[in-house]
Amino acid sequence: MQTLADNTNEYNCFYQANAALRLGYYKLSIQLYVQAFHKYPFIEDMVRFNLKQALLQQDGNVSTDKLERLLAKKQNKGSLLNSYKDNVLLTENDFVANELEQKNNIFIAKNNDPYFTLNKSIEGFHPGLYGLSFYIFANTSLVGQLGKIYIDYGEGYSEEHTVRIPLNRGLNERVIFLQMPPVSLRFDPLEAQTEFSLFDFEITTINEHTIADYFKKVLLQARQMLSDVDQPLLILYQQYDQFITESNEQIGSYEQWIATNEVDEAPFYEEIQALENHFTASTLFSIVMPTYNTEEKYLRECIDSILNQSFSNFEICIADDCSPDTRVREVLQSYESQDERIKIVYREKNGHISKATNSAIEIATGRFIVLVDHDDRLSPHALYHCAKAIFENPNAKIIYSDEDKIDKNGVRSNPHFKSDWNPDLLFSQNYVSHLGVYDSKLINAIGGFRVGVEGSQDYDLLLRCLPHVDASRIIHIPKVLYHWRAIEGSTASDAGEKTYTTDAGIKALQDYFDTNGPEGVKVDIGKVPNTYKVDWPIPDPSPKVSMLIPTRDGKDITEQAVRSILEKTIYTNYDILIIDNGSEKQETFDFFEQIQAEDDRISVIRYDQPFNYSAINNFGVKHTDGEIIALVNNDVEVINPEWLTEMVMHAIRPEIGCVGAKLYYANGQIQHAGVITSLGGVAGHSHKYFPKESVGYFHRLVLVQDLTAVTAACLLVKRSIYNEVGGLNENDLTVAFNDVDFCLRVYSAGYRNLWTPYAELYHHESISRGAEDNPEKVARFNKEMNYMKSTWPSLLNRDPHYSPNLTKAREDFSINI
């Protein structure tokens, strides 16, 4: 059998490139030549000559420009892990190939399961963390591909004891954890029948005193939240391992989504031309871009992504902020001389991003300002889709799109499929972000970017625009039009920069409320960096809350709910009305008598009619006098004492309708984090079954936000609104969907429904709750579901607070493929 060591020699990468070229694997040979060019500077002339031959064989021709650009793309991203490694325990010398052929140092997989096994007994391993690294190049795409290390602890190989390695072209490295000393190891380099090159494989010990720094670097560079910077090492590893595995799964599914939604649904040439002809009167878009010491590769990619737009009615307005790197000016001047649509101002003094962007705005003449960062990229049809949105919404003032991340190798990942306009989500984080398009008159009216909030200057700009724009003129395009560069040195690359941007965001948001009201709003940091918590003022005296708790017997669960409210709630101006719908047990009546004697805020009334959830609550509302109505299930249990305060501060706001809470099952999993219409045919719960500590899709599990509906298991609403929409529908929806229907009627009346993660309760509903499975219940459920579908066809087809690019089949915010 061939071993991995057969590939090793002084210039192994170069020799393997030559072998691939001779065998006709041109794509593989080109990758290896580029790697060799950077790895072996002493033979770069030889590498360059051979690379030309490979390009000629693949493309039939080769230009000097293409060759130089290819060589500028360094394959080796640089090792983060090397400085944390100690002793080498295993190398390629210790493995033999299986299900593989080898020709001239190139491996050829016979099937989709090539692998290497140890050729010696394993020694020197103990429970703990180890470093793994190797280089791999393949004659096929590695996007979404996994390598694997199978660990045999004495019971053979299994998927249970497997370490997954999301593959990159070139260097791959990660930390692995061994529960105990292994008997043997197996290495599966990829899961494809293809030709590939593999070298510099090693497994090493690592320095466990410093490896935590490595985990933090990896997570922060990928814009992952660290819940606790001092968390135990194994917990940090688990977060690191989960991120690495899940990011690979997302890339794979996202690649499928791109193929379906961007390639297959690209606009036709005739559509683009028709739209361009409609907007010929004046320049439509001014692309505004500040630059400062931008790496040439990324600057060129950024400008090229604009020049290659399918919609051509634009100008590019660049302000270089006195870059010390002279190459930046040289690159900009070369582009400026090639295209008259490019306008550049070279600032004589560095003023930072706000002043530089304002300099670019000053030379803009377009009807709309498009904000682009100097190292990011636009999708090829970005401006076409913006123009289309303007054509369909002539009064549009602000336009924003979905976005994703792009790494230094051009691999796209982590798509942010956004909500339509969502003010309270915006007050919790700048979810709008990229791509941002603004009416130029609006930008000029507010004086452009403000100095003093650098780090969150885009957020501040948007907030200052809001008082001048009606919500109907803020348009969301649910397409990925912007690719945000995720590299070292980016906004989220270290904790210090996160603090800087968070502080700037808090200032921008506090200034917004200080200027526009209401008086008394306080802004603080949210549960994770770059998020915010807005505390709204509660009037003095505070509004009375009347809680309605329907029940039928169930003494223990009802008592738990009531006593948890009495014992844990710090908000004091409330009363509780228990609505007894046919209880029969003496212990229930004894509890009713006892609890009323203990606290005069509690009363019990009887409702002797067949069960009808809507009718029971409508009946209860008539017997209360609170300014705010609280619909509360008898199987909830208060967790945090501030829960009612947090809900009241929103319910009392004039623009807010229903307010929902964050509910957990008894085991800590999420039961309710808002209701998403369209899931499962009618509606489903956001993030159902997610772990309690999860932050959710783009942090939405820890952010106050507007939602189309919330559950009535714990719902607050002003009495005036309850009466305005006619209460719950007791004629058509006696059991199911009555809370969703109620929220949709409140929403349609012009109010925003809201969910807060700062009101936390357990909801002791069984996770395995039985189906509606007897004929009578099935008939009733189907009737109520058909009522919802016929009454709310538009909102049940697309929830404006949930992206059409996310699945309707599950409640986990996964991509709709």
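**Threonine 756 and the nonpolar cores**

Colleague: Happy to look at this with you! Which strand holds threonine 756?

Modeller: Bear in mind that this is a predicted model. Strand residues 752–763 include threonine 756, and that strand is β34.

Colleague: Is threonine 756 buried or exposed, and why?

Modeller: The cut-off for buried is under 20% relative accessible area. Threonine 756 has 0% relative accessibility, so it counts as buried.

Colleague: Which residue offers its backbone nitrogen to a polar side-chain atom of threonine 756 at 3.1 Å?

Modeller: Let's start with what surrounds threonine 756. Beyond four places in sequence, it touches Met647, His650, Val659, Gly660, Ala661, Lys662 and Val704. The backbone nitrogen lying 3.1 Å from its side chain's polar atom belongs to tyrosine 758.

Colleague: Nice. How many residues of helix α19 are buried?

Modeller: Helix α19 spans residues 643–651 and is mostly covered. Its buried residues include Met647 and His650, both of which touch threonine 756. The buried count for α19 is 9 of 9.

Colleague: Now the largest nonpolar core: which helix gives it the largest share?

Modeller: That core has 56 residues, and Val717 and Phe742 are among those with the most contacts inside it. Valine 717 is also in contact with Phe742. The largest share, 5 residues, comes from residues 738–748, helix α21.

Colleague: And how many residues are in the other core, the one with Ala364 and Tyr431?

Modeller: This other core lies apart from the largest one. Its members also include Leu426 and Ala508, and its residue count is 45.

How values were computed. Residues are numbered from 1 along each chain as its sequence is written. This is a predicted model: local features need pLDDT of at least 70, side-chain atom pairs count only at pLDDT 80 or more; totals for chains, interfaces and linings use all residues. Side-chain values use heavy atoms; hydrogens and water are left out. A nonpolar core is a set of buried Ala, Val, Leu, Ile, Met, Phe, Trp, Tyr and Cys residues joined through side-chain atoms within 4.5 Å. Buried means under 20% relative accessible area, exposed over 50%, partly exposed in between (1.4 Å probe, protein chains only). Helices (H or I, at least four residues) and strands (E, at least two) are DSSP runs, numbered from the N terminus. Contact means heavy atoms within 4.5 Å. A polar contact is a pair of N or O atoms within 3.5 Å; within protein, one must be able to donate a hydrogen and the other to accept it, and residues adjacent in sequence count only if both atoms are side-chain atoms.
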